[in-house]
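Work through the exercises below with the structure open beside you. Try each task before reading its solution.

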Amino acid sequence: MKPINAATTGILLREDSIFERSSEGRAGFDIPTPKVPLKSPVKYRRTQPAALPEVSELQVVRHFTRLSSWNYAIDLGTFPLGSCTMKYNPRINEELASLPGFCDIHPELPPEFCQGALELIYNLEDALSKIVGLDACTVQPAAGALGEFTGLTLIRAFHEKHGSHRKYVLIPDSAHGTNPASCILAGYEAVPIKVGPQGYMSVESVEETIKQHGRDIAALMTTNPNTLGVFEQNISQIAELLHGIGAQLCMDGANMNAILGIAKPGDMGVDVMQYNLHKTFSTPHGGGGPGSGPVACRSHLAPFLPNPRVRKTENSFTLEYLPDSIGKVKGAFGNFGVMVRALAYIMNHGSDGLRQVSRNAVINANYLRARLQKKYQLGTQTAHFHECVLSDSKQIQANGVKTLQIAKALMDYGYHPPTVYFPLTVSGAMLIEPTETESLQELDQFAEALLEIAERIEAKKETFEQSPTKTFVGKVDEVGAARKPILSLDDRSI
Ligand SMILES: *Cc1c(COP(=O)(O)O)cnc(C)c1O
């Protein structure tokens, strides 16, 4: 088997833990003996030296450089994780975010000393509102999930201000797991709506639920395009139904990469939505952050936005505290560095460029879909937008090989696997989102890897039970890893 992704050939450097490189008395520094007597109170002194590795500077450099090369990242290769929009982050964004005026300011500076930062927040909120056709925006939430929570909390504040205490939020069953979780945190109960065979919600299913729960429904929360990469074709009609009972339409905007400059959620009847700047607007993510999940809304929800709001006066930027605000959802103004990158990205592209981003993202996903459907069952027949979903049914039929093994086999071809077993509505789902930043050549190589895996399964030669075999750590015991995690050197004997 030839590894298709060239990044996997060549030298692979093993690396033990840095403690195993330790040798007594070795150090990376040499501090002169102090000429003054040591004065620290005895009670604060260690009785034993700290158990730190004793290594030279070069050992430290090599250790961490080697470890960093084990990390699979977008800067190394295609990262097809569906629903994650793992796109390339242009370097100019990093350069701007590290300008001293941006990265050295303190979040508690009075407004007169950070006018530039406030202007950036103001301009970003303005640009984001315009992109989605809504009236106001806050950049405070630190991630998509926190944005969902913030949006639902705005809805709650709105209903309560009008003396309406509602209980339920409707959520299609293709939703990302954070959607029902955010509902619970915002004090609502999630009511699932079944998506139809086409992969989107039918008007009838929403009507039925409305008949059942009526004015106890606070909102419906939907992702559009949804997690199958399918556009919710009935969204405007659904919005009307909801508005008819005073409920709100809340959109999970994590998939905006599909519709930038093409369709505006505001035009679809959406009342409030969040974005994921760390997906659509290219700022790096993975490994836990930092992210940013701004929320945009219509004017009737704006009085409840998190405090403080940045306002533009004739010749400066000031802070305003809204009396009906839901309060703060994140310290200071949120993750500011992410905002700098996102505004740089938006301004770099302009409105034409953003439309091109989405067009290319959609065509890339559809190109892969067209190539892969020769060997894989499609998760849905409906036209996909920015991601495509496959199922493992043909491979199960051919040789009992499931999605998990296909994903592991892909690692031996040098690729990070796609999102697997999500969305839950497709059995054995493989959700692939190539994004617009992959070239035709990369897409072809990735498709060839998946097609070759399918061919090897079909020929009944391989089940990939032992895959991956070319990684440092081979097939792992996933149940064991969850039940008996090895968290320190002392656990290693387990
Ligand atoms: C990524 C994602 C989220 C969660 O966003 P975080 O920034 O990880 O909290 C929510 N919904 C969808 C559809 C997503 O893809």
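**Exercise 1: Contacts with the ligand**

Task: Find which backbone N or O atom lies 2.8 Å from an oxygen atom of the ligand, and then look for further polar contacts.

Solution. The model used here is a predicted one.

Step 1. The atom sought belongs to the backbone of Gly 144.

Step 2. Ser 83 also contributes a backbone N or O atom, placed 2.6 Å from a ligand oxygen atom.

Step 3. From His 278 comes a polar side-chain atom, which lies 2.6 Å from an oxygen atom of the ligand. A polar contact requires N or O atoms within 3.5 Å, and the His 278 pair, at 2.6 Å, fits that limit.

Step 4. Now consider the cover. Of the 380 Å² of accessible area that the ligand has on its own, the protein covers 86%.

**Exercise 2: The shell around the ligand**

Task: State how many residues surround the ligand, and sort them by class.

Solution.

Step 1. The ligand is surrounded by 13 residues. Among the closest are Asp 252 and Lys 279.

Step 2. Sorted by class, the shell holds 7 polar residues, 3 charged ones and 3 nonpolar ones.

Step 3. Helix α5, residues 144-161, gives the most to this shell, namely 3 residues.

**Exercise 3: Two helix pairs**

Task: Decide whether α5 is roughly parallel or oblique to α6, then treat α10 and α13 in the same manner.

Solution.

Step 1. Helix α6 covers residues 178-185, and α5 packs with α6 at an angle of about 45°, the axes being 9 Å apart.

Step 2. Angles under 35 degrees count as roughly parallel. At about 45°, α5 is therefore oblique to α6.

Step 3. The crossing of these helices, α5 and α6, is right-handed.

Step 4. For α10 (residues 336-372) and α13 (residues 440-458), the axes cross at roughly 30° and come within 10 Å. This angle makes α10 roughly parallel to α13.

Step 5. The crossing in which α10 passes α13 is right-handed.

**Exercise 4: Backbone details**

Task: Locate the residues joined by a cis peptide bond with omega of about -10°, and then examine two further sites in loops.

Solution.

Step 1. The bond is the one between Asn 224 and Pro 225. Pro 225 sits in the loop between β4 (217-223) and α8 (235-244).

Step 2. Ser 467 and Pro 468 are also joined by a cis peptide bond, with omega about 0°. The loop between α13 and α14 (478-483) contains Pro 468.

Step 3. Return to Ser 83, which lies in the loop between α1 (57-70) and α2 (91-97). Its phi is near 75°, a positive value in a residue other than glycine.

Terms used: Residues numbered from 1 in each chain as written. Predicted model: local features only at pLDDT ≥ 70, side-chain atom pairs only at ≥ 80, totals over all residues. Heavy atoms only, no water. Near = heavy atom within 4 Å. Polar contact = N/O pair within 3.5 Å; in protein donor to acceptor, adjacent residues only side chain to side chain. Areas by Shrake-Rupley, 256 points an atom, 1.4 Å probe, with all protein chains shown as cover. Helix = DSSP H or I, 4+ residues; strand = E, 2+ residues; numbered from the N terminus. Nonpolar A, V, L, I, M, F, W, Y, C, P; charged D, E, K, R; others polar. Axes fitted to C-alpha atoms, helices over the stretch in contact; angles between N-to-C directions. Parallel < 35°, antiparallel > 145°, perpendicular 65-115°, else oblique. Left-handed = near helix turned anticlockwise from the far one by under 90°.
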